[in-house]
Amino acid sequence: MTKKNKIIELKNICKEFDGTLAVDNFNLYVRKGEFVTFLGPSGCGKTTTLRLIAGFEMPTSGVILLNGEDISKLPPYERPVNTVFQRYALFTHMDVYDNIAFGLKLKKIKETYVDKKGVEKERYRKYTNEEIDEKVKKALKIVDLEEFEWRDVSTLSGGQQQRIAIARAIVNEPQILLLDEPLGALDLKMRKEMQEELKAMHKKLGITFIYVTHDQEEALAMSDTIVVMKDGVIQQIGTPEDIYNEPANAFVADFIGESNIYSATMVGDKLVRFLNHNFVCVDEFENNKKVDVVIRPEDIVLGDAGCGMVDGKLVSKTFKGVHYEYIMMVGRNEVVIQTTDNFEINRVASISIDPFNIHIMEKEFTVNRYVDAWIDKNNNVVISEEPFECDITQLIPGSHIDDEGYLVDSLGVRYDLTDADVIAEIDLKDIEVIDNSEDGTIAGEIVSIIYKGDHYQIIVRTEEDEDFVIDTEYTWNEFDKVSIKVDPKKIKLTLKAEVKEYVKD
Amino acid sequence: MVKKIFAKVFIYFMLLLMYAPIILLIIFSFVDFDYIDFRQLFNGDVINLNLYKELFTGEDGEVVVQAFKNTLLIAIVSAIVSTILGTFAAIGMFYSKKRMRKLYELGGQIPILNPEIITALSLTILFVFVGIQFNFFTLLIGHVVLTIPFVVLSILPKLKQMDNNIYEAALDLGAKPSKALRSIIIPQILPGILSGFILAVTLSLDDYIITAFTRNNSFVTLSTYVYGVTSKRGAIPPTLRALTAIIVVVTLIVLLVINFTSGKKDNKRGKRI
Amino acid sequence: MSKIKFQRKFLAIPYGIFLVLFVVIPMVLIVVYAFSKTDPVTNKTTFSFENLTTFFSNSYNLHTFLISLAIGLGNTIICLLIGYPIAFILAKKEYKFNYIIVLLFVMPMWINFVLRTAATRDLLFTLGLSGGDHPYISTMIGMVYNYLPFTILPLYTTMLKMDRSLIEASMDLGANKVQTFTKTIIPMTFPGIVSAASMVFMPTMSSYVISDVMGERQISLIGNIIQLYFDQGLWNLGSFVALILLTIILVFMVATRNMEKEDNVRGGLW
């Protein structure tokens, strides 16, 4: 692709709201005429990014280039982009015609003319009423609502209002059309219809579309390119096929489509061990490395017992129309399988997986690491504003704490570790999640859950915005208010500075 | 059933009591005695329009009409100021950070919670402290302090009901902020602005204490005039009875017209071109 | 780019300035004046508790203060007793035109309240009740007449929001009518009661117009004292009395702060 094709480019965009990063170092370019979708759960920064492009928010840092020109500082009314809002944002005190004509009436267009002396000059003029009339009629025709000009917007159905909102935006012939979950308020059938229409409209108009949604099916069905986001960070950019077939990490795999995710270990060259079996795979990783493995349910071949790679017991079977969905227990691991073949359940069967269908990813979290921890005057380690009675003698081998609270090593040297900055590491299994926000040490909210065959990996975000990643066997729900408990003895500590800086004389 | 009838009788009886003094004034606007006494009605031919003539032509009437004009003047001017300032305030508050908004709300609560006499006294002390002569301007400030929090309170709910993105949609379509405010936000909250204005007029018309404290003594309004006469055991100036009757009739007509037009509003929109 | 860009929140700045100039500063002045005195000769202002001792050592003032409290309390209770059933009946959804009836209760406000009060006095007089002979009775009637609309409005708006099915639920769960009223209806409408009481009690205590007109100047209320000091230019003493009223309001607000919550029932109907 040549550089000329880039219509918009976001470079190192960061956006902060009251100290929290909503968008973190966002880099993306969009080609002319492309249909790009920002996909992610609520609060992932996708709408904020869209609002940055529209000009409703200004980036904290970074630049936005439109056709190579920096528009980051331009107000929304000077940007050649238009937005379709989630709840339409129609002007309810105007009729359909005035809503669509609103932008046209404000627009000034350049024209050349010949003045009295015969010199060619440029001037700006407004659209004439006839021109506006013609454009409004054309826009209404595009959204299939001819003859609706004089209707009051409040008398229209949700779907019709949505079409008016689209007409109001495209009538201005924007270079980019921004759509902020435009189908979110419609019912399922209507949504499917509008998806098709939007796609057709995109082809016909040739305008670049940037589309925001949390609905992965919608994103897969409509987009040329999908940008998967989480916590303000881009997780993956790619075509729908790429995103589905080669998810970059466990989050993307879990968010897009259904998947089996397992913790696995590399046991040899292109050999990975999970479900108590060594599978041949196509990805190369170093030996003994802990990794995550993703297998789509439809990529697992179900067969009679003993015929496949691994045997297990089928425990559940659901008819899903086109296929059956089975759950097989392999040891303590659940395997979800989708196939059109009919099997009896409560029987042992086997599965086999093609090496190309085993997607191996680096583990995102192997341990919780807190680089901002410090030691208070009671020799407790403060993590996320909460003191823990850790064993700080591990910082200096062979040391103990004397009566005055100083650390004394085997040579009798005293250390004062008050206010010392430390790095605290907690294993994913060493954190306990408690059902209410009072009983644990730190209260927080569950922001993410990923099922990994025999356990869940959840992320608890505290009020101080600290994330704790926890492996647990129990089921939780997203947005549960919970608290966490850590056995302080199991927290591993490392001093940031040299030990000798803390010598007490 | 009996309970229902009892409830209705109770309500209408209380309404009758509420309106009794006003009805009394209207009845006696057709009787030109100096004071009100039912026995006069039995004295034969007492019904006439003399008080109405007196109101528009007599000396007594001149004072009353002037007081009425002053009352209307301050009510309308203060309501306009309150409505303009209050509309901007409500919009500004709505888009302020939560902490700032709470601060504005707290400030607005003070005149609402304070009895009028404290607002009146505090303003008087301010004017004396600064050394301003009492004039129409000080009276205007008094009435704006009295009415503006209510204007803000009647507009804020309308802003809350509005679609969050509507202002941004206007900017997105090329409107500058001032244009977006004028042609989108203001029309959207117009009902709140109107009811705020009517409320401001009502409060100002009904006021006595703030007027008495912050006016220049030469500026006579209906309330100060009536208080001056009646608090010294004097009778209500007879021409006022005629004026009251006129105000009641005009108010009723205005209310009926408003009711009528707002009911018809939906049918008004037809096809254009 | 040093130009400050337009932001919508700037629109509230004039209001903020107005509030500071004409609400906050005057309030501060009242507190300052209440605890200071001005020497008539040297014209110097000093900090002092003189206003406090002057006010409380005057038995007439104390008497007036107690009378004001009694009349304020009495009026609040009577207004609630009459206004509560009216609001309750009107808030039932059965009647179509209830909203208009509520408006009718408020409508007399278009006739100035001094004039309305004087007309009430004349009505009572022609019915044989002279304000000169029975100042307390006629004052109370005048007060109730004036403040009843202010009681009905907040009660009505709270009751409109009340979920009436809770009354049925209460009955269904075995509460009798009295229990339902005391345990369900009263607690649910409590914000309205608090708001109504706050709109009646303070103004009754502090206003002097109604008692002057109805009681033919035989009753003195706290408002009369303030007005008297105002006429004589005794700002310090006047401020001190105002401060007493402010303290009462503050106590009332703190005591009921959790009851009104977010929704301001006062602005409701408008």
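**View 1. Three domains make up chain A in this predicted model.** The domain assignment splits chain A into domain 1 (3-107 + 151-245), domain 2 (270-362) and domain 3 (367-504). Domain 1 is written in two segments. If you put a marker at the C-alpha centre of domain 1 of chain A and another at that of domain 2 of chain A, the two markers sit 39 Å apart.

**View 2. A nonpolar core of 241 residues is the largest in the model.** Which residues touch the most other members of this core? They are A:Val272 and A:Val293. The element that gives the most to the core is helix H6 (residues 135-161) of chain C, with 13 residues. Chain A takes part through domain 1 (3-107 + 151-245) and domain 2 (270-362), each of which supplies at least three residues. In soluble globular proteins, nonpolar side chains tend to be buried together.

**View 3. A:Val293 and its contacts within chain A.** Leaving aside residues up to four places away in sequence, A:Val293 touches A:Tyr262, A:Ala264, A:Val272, A:Phe274, A:Ile358, A:His359 and A:Ile360. One of these partners, A:Val272, shares with A:Val293 the top place for contacts to other members of the largest core.

**View 4. A:Lys270, a lysine with positive phi.** The phi value of A:Lys270 is near 50°, positive even though the residue is not glycine. Where does A:Lys270 sit? Look in the loop between strand E13 (260-268) and strand E14 (271-274) of chain A. A:Lys270 counts as partly exposed because 15 other C-beta atoms lie within 10 Å.

**View 5. A:Glu147, a glutamate with positive phi.** Here phi is about 70°, again in a residue that is not a glycine. A:Glu147 belongs to the loop between helix H3 (129-142) and helix H4 (158-170) of chain A. Is A:Glu147 buried or exposed? A:Glu147 has 9 other C-beta atoms within 10 Å, so it is exposed.

**View 6. An open antiparallel sheet of 4 strands in chain A.** Reading across the sheet, the strand order is E2-E1-E4-E5. Strand E2 (20-31) and strand E5 (69-70) of chain A each have a single partner strand, so one side of each has no neighbour in the sheet. Inside the sheet, strand E1 (residues 6-17) and strand E4 (residues 61-66) of chain A pair in the antiparallel sense over 5 bridges. To find your way along this pairing, start from A:Glu9, whose bridge partner in E4(A) is A:Leu65.

**View 7. Strand E29 (residues 421-427) of chain A has a covered face and an uncovered one.** In a regular strand the side chains alternate between the two faces of the sheet. Which residues form the covered face of E29(A)? They are A:Val422, A:Ala424 and A:Ile426, while A:Asp421, A:Ile423, A:Glu425 and A:Asp427 form the uncovered face. E29(A) pairs in the antiparallel sense with strand E23 (residues 367-375) of chain A over 6 bridges, and A:Tyr370 stands opposite A:Ala424. E29(A) also pairs with strand E35 (residues 492-495) of chain A, in the antiparallel sense over 4 bridges. In that pairing, A:Glu425 stands opposite A:Lys492.

**View 8. A second open antiparallel sheet to explore, with the order E26-E27-E28-E36 in chain A.** Strand E26 (400-401) and strand E36 (503-504) of chain A are its edge strands, each pairing on one side only. E26(A) joins strand E27 (residues 407-408) of chain A through 2 bridges in the antiparallel sense. A:His400 has A:Val408 of E27(A) as its bridge partner.

**View 9. Chain A meets chain B.** The contact takes in 20 residues of chain A and 17 residues of chain B. On the chain A side, strand E6 (81-84) and helix H2 (96-106) are the elements that give two or more residues. H2(A) has the largest share, with 3 residues. By type, the chain A side divides into 11 nonpolar, 5 polar and 4 charged residues. Of the 2 pairs of chains that touch, chains B and C have the most contacts. Chain A and chain C do not touch, and their nearest C-alpha atoms are 10 Å apart.

Conventions:
Residues numbered from 1 in each chain as written. Chains lettered and ligands numbered in written order. Predicted model: local features only at pLDDT ≥ 70, side-chain atom pairs only at ≥ 80, totals over all residues. Core = buried A, V, L, I, M, F, W, Y, C linked by C-beta atoms within 7 Å. Buried ≥ 20, exposed ≤ 12 C-beta atoms within 10 Å, placed from the backbone. Domains from an automatic or database assignment. Contact = placed C-beta atoms within 7 Å. Pairing = 2+ DSSP bridges. Nonpolar A, V, L, I, M, F, W, Y, C, P; charged D, E, K, R; others polar.
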